Amino acid sequence: MITSLIGLILRAAVVLAGTALITFTLLWNAPGDPAQAIAMARFDALLTQDIINQVREEAGLDAGFWTAFITWVGPLLTLDFGQSSVTGRDVWPDLLTAIGYVTPLAVGGLAIGLALSFSLAIVATRRPGGLLDRFAIAVASLGTAIPAYWLGLLLILLFAVHLAWLPAMGARTPSHIILPALTLGLGVAASLTRIIRSGILEARDQPFLSAIRRRGVSPKDISRDHIAPHAAIPVVTVFGLELAFLLEGVVMVEVIFGRPGLGTFLVNAIEARDFPQVQAVVVLTALIFVTVNLIIDVIYRIIDPRIGGRNA
Amino acid sequence: MNLSVSGLSATRSGRTILHPTSLDIAQCEYIALVGASGSGKSTLGHVLIDNLRSRGLRVAHVPQCPEEALDPLRSMRFHWHETERALGFDPGSTDKKTLFTALKIQDGDLQKRPWAWSRGMQQRFVIAMALISAPDLIVLDEPTSALDPIIAAATMDLLGQYRKGHDTAMILITHDLGLAARHASTLIVMHNGRIVEKASTVEVLKHPQTDAAKSLVAHRIWAAMPC
């Protein structure tokens with residue numbers, strides 16, 4: 001267990017280092033002159049070559065690739081994301097504000113998604129192939145097919161425009177979060193429902209269940225102690241992918257609902273070619289993703305230690 | 001206690017795999033259920049267990065292989081406690097040491113999951129679970145196919161002793177006519193989902209009446225037979 005945990009952490013570290021290097025390389029080699037873009041964002045006026053050169057020097061863009069990379073990565077190890085090359089302010093406080101907006105949205109979306117998908121899947125698997133089961137599959141398929149931007153607009157149309165129950169744009173009050181979280185949650189629920197449903201059905205087919213039943217164990221105990229752990233394995237697997245979907249969805253949903261947050265922060269940073277900000281978002285996202293997948297790998301090994309034995 | 005059941009039958013995907021069957025089992029009787037593969041032996045065992053259980057009788061079951069008896073995600077201790085609870089005991093209150101020593105699995109680590117044990121040890125653990133409380137009937141479905149010959153013989157002897165000590169009837173489902181002849185007093189021959197012959201072991205081996213029984217007896221390859 002300890003050895004495989006160390007292996008997992010090393011793997012996570014390699015992924016993070018790779019992400020940092022690739023992000024930096026891509027941005028460094030992006031077409032166009034970043035110094036010019038930064039100068040435009042800063043001064044918003046007629047630019048002379050002198051000003052552009054001065055900006056280039058200040059932003060460290062005149063250094064070689066490796067020098068610049070090391071200058072960036074060194075402080076990053078202590079979670080110091082450096083300063084914005086446009087405003088010159090520290091990246092971290094602005095990023096923290098964005099995280100403050102995005103966290104309740106992501107958590108809310110995930111909670112709605114989990115609650116919906118678990119209840120749908122449990123209702124559906126009461127009678128596989130029955131009317132409720134087909135209904136649940138249909139809803140889930142429809143949910144997977146509908147893109148978030150369309151669903152978001154529909155929800156705005158219904159709840160904000162026609163019924164006028166909920167606000168659509170911005171993030172001023174807590175109720176502003178309901179529609180975006182719902183958009184996000186419905187997307188999560190659609191894909192998770194199918195996985196949970198098939199996980200439960202597959203778990204019910206395990207060969208040892210009838211022997212356990214014949215030992216006199218009650219159906220309730222069998223569901224809790226034997227079916228649930230077996231059904232959990234595929235669900236835990238998909239959960240990691242679901243998080244990627246969530247991080248991606250959050251950016252889109254923020255734009256649709258005009259919310260400030262990580263998406264807005266990222267889009268603005270890209271437009272202004274503010275490399276430190278873009279890099280900070282990418283690295284932070286990768287950190288979250290890698291950490292969650294690390295936790296998932298550990299949960300896996302707790303549910304079924306054979307998984308660790310095969311991989312180690 | 002004499003056990004009597006009637007009207008046992010089973011169909012799978014519209015096909016009858018067990019025709020209506022009645023069975024009387026005397027107290028402490030040792031019956032071997034023999035027949036070719038697909039003759040409905042295991043199915044008869046399953047419906048018999050379900051029927052007797054639904055009537056509130058205590059029936060223990062040892063499936064063909066440990067994969068059909070143990071959840072790979074749960075520890076041996078969990079299985080043991082679960083079975084104790086299902087039988088109405090407090091977890092940990094039954095005497096597992098004597099059983100484990102008799103079955104030579106006292107060194108097995110109960111914290112481990114089934115797959116960390118050898119298949120033979122798993123199978124003996126399943127047999128131990130069947131013996132926790134004195135059941136009215138134990139149905140053993142090819143109980144020794146996962147065991148090596150020496151352990152298999154010792155296990156079968158232990159089960160025989162247990163039966164006498166506890167007045168438990170036993171049904172041994174097997175292809176192994178030699179095993180059946182050595183332990184069972186009554187032989188039931190099955191063919192195509194029906195009981196075609198039921199008589200004392202010696203009688204069937206000496207004078208098989210039906211084609212199914214004749215071919216089973218004719219194809220025996222075991223040297224040591226009581227006849």
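**Figure 1. Strands β3 and β6 of chain B run side by side.** Two strands pair if DSSP finds at least two bridges between them. The model shown is predicted: local features need pLDDT of at least 70, side-chain atom pairs count only at pLDDT 80 or more, and totals for chains, interfaces and linings use all residues. Residues are numbered from 1 along each chain as its sequence is written, while chains are lettered from A and ligands numbered from 1 in the order in which they are written. In chain B, strand β3 (residues 30-35) and strand β6 (residues 169-174) are parallel and joined by five bridges. B:Ala32 has B:Leu172 as its bridge partner in β6(B). Strands (E, at least two residues) and helices (H or I, at least four) are DSSP runs, numbered from the N terminus.

**Figure 2. Six strands of chain B form an open sheet.** Their order is β4-β5-β6-β3-β7-β8, and the pairing is mixed. At the edges lie β4 (59-62) and β8 (194-200) of chain B, each paired on one side only. On average, neighbouring strands of this sheet are turned by 15° against each other, direction ignored. Helix α8 (residues 211-218) of chain B packs on the sheet. That helix touches β3, β7 (186-191) and β8 of chain B, and its direction makes about 110° with that of β7(B). Axes are lines fitted to C-alpha atoms, for helices over the stretch in contact, and angles run from 0 to 180 degrees between N-to-C directions.

**Figure 3. Two residues of chain B have a positive phi without being glycine.** Most residues other than glycine have a negative phi. B:Glu142 has a phi of about 45°. B:Glu142 sits in the loop between β5 (137-141) and α5 (149-166) of chain B. For B:Asp167, phi is near 55°. The loop between α5 and β6 of chain B holds B:Asp167. B:Glu142 is partly exposed, because 19 other C-beta atoms lie within 10 Å. B:Asp167 is exposed, because 11 other C-beta atoms lie within 10 Å. The cut-offs, for C-beta atoms placed from the backbone, are 20 or more others within 10 Å for buried, 12 or fewer for exposed, and in between for partly exposed.

**Figure 4. Helices α10 and α11 of chain A cross at roughly 85°.** The axes of α10 (residues 219-256) and α11 (residues 262-271) of chain A come within 7 Å. The crossing makes α10(A) roughly perpendicular to α11(A) (65 to 115 degrees). From α10(A), A:Val250, A:Val251, A:Glu254 and A:Val255 meet A:Leu262, A:Gly263, A:Thr264 and A:Leu266 of α11(A). By class, the residues of this contact are five nonpolar, two polar and one charged. Ala, Val, Leu, Ile, Met, Phe, Trp, Tyr, Cys and Pro count as nonpolar, Asp, Glu, Lys and Arg as charged, and the others, Gly among them, as polar.

**Figure 5. Chain A has 13 helices and zero strands.** An automatic or database assignment sets the domain bounds. In chain A, domain 1 spans 2-76 and domain 2 spans 91-271. Their centres, taken over C-alpha atoms, are 35 Å apart. Along the principal axes, the C-alpha atoms of chain A fill a box of roughly 85 × 60 × 30 Å. Chain A has 312 residues, and 32% of them count as buried.

**Figure 6. Chain B meets chain A.** Here 15 residues of chain B are in contact with 14 residues of chain A. Contact needs C-beta atoms, placed from the backbone, within 7 Å. Helix α2 (residues 76-86) of chain B gives the most to its chain's side, with three residues. That side of chain B has eight nonpolar, two polar and five charged residues.

Technical notes
Angles under 35 degrees count as roughly parallel, over 145 as roughly antiparallel, 65 to 115 as roughly perpendicular and the rest as oblique. Two residues are in contact if their C-beta atoms, placed from the backbone, lie within 7 Å.
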